[in-house]
Amino acid sequence: MKKRLYSLISLLLIVCLLLLSSCTQDGEQNSSNGGATNSANAQANERNISSVFLSGGSCYYNEFNDGYAVVKCFPDSESDPIQYIINTEGTICGETSYRIESFENGIAISSDGGVAIDTTGAVIYDAKSKGEGILGSTNEGNLLLYKIENTVNGMSISVCTIDQKGQPVLGWQEINVFTELTSTAKLYAIPLDENIFVIYGVDDYGNGKYSNEAFYFNAETGAYAKSCSTTSWEIEAKDAKFHNGKRVYFQRENQNSDVLFDGWVSVDKNTLKITEIRAGSIHMPNFLSCDYAYSGDNNLLSLAYSSIWETNKIYVGYYDESTLNVKIDLTTKYHKVTFASPFYDGVAVLRICNDAEAQFIAAIDENGNELFTPIEFDGAFDFSKDTIGYVVDNTVHFIDKKSGVEISSTPGVDCAIGSDGIALISTTRDSEANSKHYFDISSGTILFQNA
């Protein structure tokens, strides 16, 4: 009887110990996943970029995009650089020796197109080892690849799409639209929207010759079509978006060219074919070349031209994409507009020059009405979906885009507004190391400077 009782007590003790162990593990897991307190181990393992800044050495900064930024650091003059991947809290999420600049859809691609890494610095796909190159990532985070092969019949260029596990999403599609490239060429891609890319080639003849050929490629369906524009025109037109299945922009004919069309063109999303819409409808004084039209979220296109007498492009107005008639004429309203953004959330940002070449920042609604009195500034400017930053007397001011009310300010000579309300502030006009820092616009505080 006693033996049976001792056995029962022992069994109960074992069960209690198991329950306590389970609760402890659950508590630690819940804490590390956003509970009220973090475990001591989690705190010890987290490292903030401020510790790197304060440890000395030289650092070069990139702005935040997609919630992450890349900071390149040289611990000393003899060491190789380390690139730290940080989040908006300044936490170091990973390190990499590959040269990267920014993340899109959680992926960064090395500058040579050889590898793709995730936000921990882990290599997702090593294209270089397979004789391939990476052109970019799709909206879903899939990778767009290319390869160039020599056959007895000539050079072959193929493109495909894979997921982050290396599994094919779209099989290899041979592209038969290039005629001027050789096997030494490298391909590059400009992401549009709707998972459509403009792909063009650059040959390494020792002088970096550009091919004048480009083509559209649908990374979902594999459809492609050769562009009737030159590569440089398609690069200029990269911000023209698709609306109602069409992508509309203005294309100026070059002298002695029998290819380019002088006027409005459109690209069909499904067929990727370019259609000439209206020729000779825009007459601009002293033009050297005509810019494409930026397109925003309301089917209004801002159009500009460049001139041999001007260092900036001159914006002439906003055009209705459906009718291609001018809706906001900037030439009659202002002396000169040297920048006119697309409309986002019903607001566009302008940079205006008066006849004395003084610069003003302004914001207008879809009828051309100013949302606040234009503000004079004497340096750089940038803007995001809800904020404008501009420089006056070596101070960066941040204002609300719709009201013009100031949010915060900080000493600096330039700014780049990245994602999540974090700006990259330049403290000098030179590009030397440690000449920039991160700044939280809403709170008006410098980030990641204190340990």
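F64 is a good place to start: in this predicted model its relative accessibility is 2%, so F64 counts as buried, the cut-off being under 20%. Its ring partner F448 is buried too, with a relative accessible area of 9%. From there, we can go through the aromatic pairs, the two biggest pockets and a couple of buried loop residues.

**Aromatic rings**

- The count of aromatic pairs comes to 17.
- A pair of rings is described by how far apart the centres are and by the angle of the planes.
- For F64 and F448, the ring centres are 6.5 Å apart and the planes sit at 55°, so this pair is tilted.
- F64 is in the loop between β1 (58-61) and β2 (68-74), while F448 is in the segment after β35 (445-446), so the pair ties together parts that are 384 residues apart in sequence.
- Y315 and F339 make an edge-to-face pair, with 6.1 Å from centre to centre and 70° between the planes.
- That pair links distant parts of the chain, 24 residues apart: Y315 belongs to strand β22 (residues 314-320) and F339 to strand β24 (residues 336-340).
- Both partners count as buried, with Y315 at 4% relative accessibility and F339 at a relative accessible area of 16%.
- Y315 and F339 also belong to a cluster linked by ring pairs, together with F377, F381, F383 and Y390.
- For a charge over a ring, look at K147, which lies over the face of W172 at 4.4 Å from the ring centre.

**The largest pocket**

- Rolling a water-sized probe over the atoms shows where empty space is left.
- The largest pocket comes out at a volume of about 1,200 Å³.
- Its lining takes in 31 residues, and the ones nearest the centre are N65, E104, Y344, S384 and K385.
- Two elements give two or more residues to this lining, namely β20 (289-295) and β28 (381-383).
- Sorted by class, the lining of the largest pocket has 11 charged, 10 polar and 10 nonpolar residues.

**The second largest pocket**

- The second largest pocket holds about 820 Å³ of space.
- There are 32 residues lining it, with I109, L135, G136, A189 and P191 closest to the centre.
- The elements giving two or more residues to this lining are β5 (108-109), β8 (133-137), β12 (186-191) and β13 (196-202).
- Of these, β12 gives the most, with 5 residues.
- By class, the lining of the second largest pocket breaks down into 15 nonpolar, 11 polar and 6 charged residues.

**Two buried loop residues**

- S435 sits in the loop between β33 (422-426) and β34 (436-440).
- With a relative accessibility of 4%, S435 counts as buried.
- Setting aside neighbours within four places in sequence, S435 is in contact with I425, S426, T427, T428 and D430.
- T91 is found in the loop between β3 (82-87) and β4 (92-96).
- T91 has a relative accessible area of 16%, so T91 is buried as well, since the cut-off is under 20%.
- Again leaving out neighbours within four places in sequence, the contacts of T91 are E46, R47, N48, I85 and I86.

Key
Residues are numbered from 1 along each chain as its sequence is written. This is a predicted model: local features need pLDDT of at least 70, side-chain atom pairs count only at pLDDT 80 or more; totals for chains, interfaces and linings use all residues. Side-chain values use heavy atoms; hydrogens and water are left out. On a 1 Å grid over the protein atoms alone, a cavity is a set of points where a 1.4 Å probe fits but cannot get out, and a pocket is an open set with protein on both sides within 12 Å along at least five of seven lines; lining residues have an atom within 4 Å of a point. Grid points are joined across faces, edges and corners, and a volume is the space filled by probe spheres set on the points. Helices (H or I, at least four residues) and strands (E, at least two) are DSSP runs, numbered from the N terminus. Ala, Val, Leu, Ile, Met, Phe, Trp, Tyr, Cys and Pro count as nonpolar, Asp, Glu, Lys and Arg as charged, and the others, Gly among them, as polar. Buried means under 20% relative accessible area, exposed over 50%, partly exposed in between (1.4 Å probe, protein chains only). Contact means heavy atoms within 4.5 Å. Rings of Phe, Tyr and Trp (its six-membered ring) pair if their centres lie within 6.5 Å; planes under 30 degrees apart count as stacked, over 60 as edge-to-face and the rest as tilted. A charge sits over a ring if NZ of Lys or CZ of Arg is within 6 Å of the ring centre and within 35 degrees of the ring normal.
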